Amino acid sequence: MNVLAVYSIKGGVGKTSSAVNLAYTAARNGYRTLVWDLDPQGASSYYFRIKPKIKGGSKDLIAGKRELDGLIKGTDFENLDLLPADFSFRNLDLVLDAKKKPTRQLKKLLKPLAEEYDFIFLDCPPNISLLSEAVFEAADIVLSPIIPTTLSLRTLEQLEKFIEDNDLNKLALIPFFSMADRRKKMHRDIMANLSESYPETLTTAIPYASDIERMGLERMPLGGYIKKSQSLAAYDALWQEILARVTNKQ
């Protein structure tokens with residue numbers, strides 16, 4: 001089982017669309033895949049047409065009174081399951097803070113799923129919190145979408161420093177460009193410069209494209225309503241890069 005957290009300190013960078021589309025691509029390639037929607041806004045759950053739980057369950061979950069297995073829902077796509085968002089996750093920091101070794105709780109919850117899934121994608125809320133620390137402890141790789149702008153680059157630096165300061169040396173931070181517009185000189189320049197200064201950056205960039213924006217209307221992954229497009233090809237190429245990194249890390 002490989003746990004991949006799709007995470008950014010900054011919101012609005014294509015985090016959820018990337019988590020959903022990468023998970024769909026992994027499943028389409030035959031990997032048993034789970035998306036855990038950790039964001040109380042429930043965007044991933046919305047894209048899969050699955051209603052998030054509204055009645056709080058995070059306290060019982062962290063307390064060990066409920067198992068993840070019983071909350072997992074099947075999606076309309078083969079090999080792809082979803083653990084829907086729970087609106088009580090807005091209080092998850094407080095719930096975790098009340099536990100001993102709070103940052104290890106997510107890893108503990110995921111452990112029983114090791115035999116059931118090849119890949120688990122964590123769709124994370126955009127902040128630095130106790131929950132994100134627990135995500136970093138549970139994940140093997142953090143995939144961080146970066147818009148080619150100076151502010152987005154700053155959040156990558158902050159994230160890198162946080163990982164370094166907290167001695168998360170085993171955690172692989174892998175950025176990739178999202179919502180990229182190669183028609184803009186600033187985007188092209190930033191992409192070229194970051195690739196030189198941060199060689200861990202994946203070479204495939206996800207474009208800023210209307211077919212990805214349609215996910216909110218179609219309520220499904222990109223590949224569910226489009227069979228061929230530049231965006232779909234980009235996610236396929238990005239997944240192959242990620243898969244190569246996962247293989248090298250093992």
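In this predicted model, eight aromatic pairs are counted. One of them joins Tyr7 and Phe136, whose ring centres are 5.1 Å apart. The planes of these two rings stand at 85°, and the pair is therefore edge-to-face, since an angle over 60 degrees places a pair in that class. The contact bridges distant parts of the chain, as Tyr7 and Phe136 are 129 residues apart. Tyr7 sits in the loop between β1 (2-6) and α1 (15-28), while Phe136 belongs to helix α6 (residues 130-138). Both partners are covered by protein: Tyr7 is buried, with 1% relative accessible area, and Phe136 is buried as well, with a value of 2%. Elsewhere, Tyr31, Phe119, Phe121 and Trp239 come together as one aromatic cluster.

Turning to charged side chains, the model holds seven salt bridges. Among them is the contact between Asp181 and Arg183, with 2.9 Å from N to O. The two partners of this bridge differ in their surroundings. Asp181 has a relative accessible area of 11% and is therefore buried, because the limit for that class is under 20%. Arg183, in contrast, reaches 72% relative accessibility and is classed as exposed.

A second salt bridge connects Asp189 with Lys185, and here the closest N and O atoms are 2.6 Å apart. This one lies within a single element: both residues are part of helix α8 (residues 185-197). Their spacing of four residues corresponds to about one turn of the helix. Asp189 is partly exposed, with 34% relative accessible area, whereas Lys185 is exposed, with 53%.

Glu218 and Arg214 supply a further example, their side chains meeting in a salt bridge of 2.8 Å, N to O. For this bridge, both ends fall in the intermediate class of accessibility. Glu218 is partly exposed at 24% relative accessible area, and Arg214 is partly exposed at 32% relative accessibility.

Charged residues also gather in patches on the surface. A patch of positive charge is made up of Lys101, Arg104, Lys107, Lys111 and Lys170. Of its members, Lys101 can be placed in the loop between α4 (92-97) and α5 (105-110). Lys101 has 56% relative accessibility and so counts as exposed, because the threshold for that label is over 50%.

The opposite charge has its own surface patch, a negative one formed by Glu157, Glu160, Glu164, Asp167 and Glu200. Within this group, Glu160 is located in helix α7 (residues 150-165). With a relative accessible area of 34%, Glu160 is partly exposed.

A last point concerns Asn29, which is found in the loop between α1 and β2 (33-37). Asn29 is partly exposed, at 40% relative accessibility. Along the chain, 23 residues separate Asn29 from Pro52, and the C-alpha atoms of the two are 27 Å apart.

Terms used
Residues are numbered from 1 along each chain as its sequence is written. This is a predicted model: local features need pLDDT of at least 70, side-chain atom pairs count only at pLDDT 80 or more; totals for chains, interfaces and linings use all residues. Side-chain values use heavy atoms; hydrogens and water are left out. Patches are made of residues with over 30% relative accessible area and no salt bridge: like charges are joined within 9 Å, nonpolar side chains (Val, Leu, Ile, Met, Phe, Trp, Tyr) within 5 Å. Accessible areas come from the Shrake-Rupley method with a 1.4 Å probe; for residues, only the protein chains shown count as cover. A salt bridge is a side-chain nitrogen of Lys or Arg within 4 Å of a carboxyl oxygen of Asp or Glu. Lys and Arg count as positive and Asp and Glu as negative; His and the chain ends are not counted. The place of a charge is taken as NZ of Lys, CZ of Arg, CG of Asp or CD of Glu. Helices (H or I, at least four residues) and strands (E, at least two) are DSSP runs, numbered from the N terminus. Buried means under 20% relative accessible area, exposed over 50%, partly exposed in between (1.4 Å probe, protein chains only). Rings of Phe, Tyr and Trp (its six-membered ring) pair if their centres lie within 6.5 Å; planes under 30 degrees apart count as stacked, over 60 as edge-to-face and the rest as tilted.
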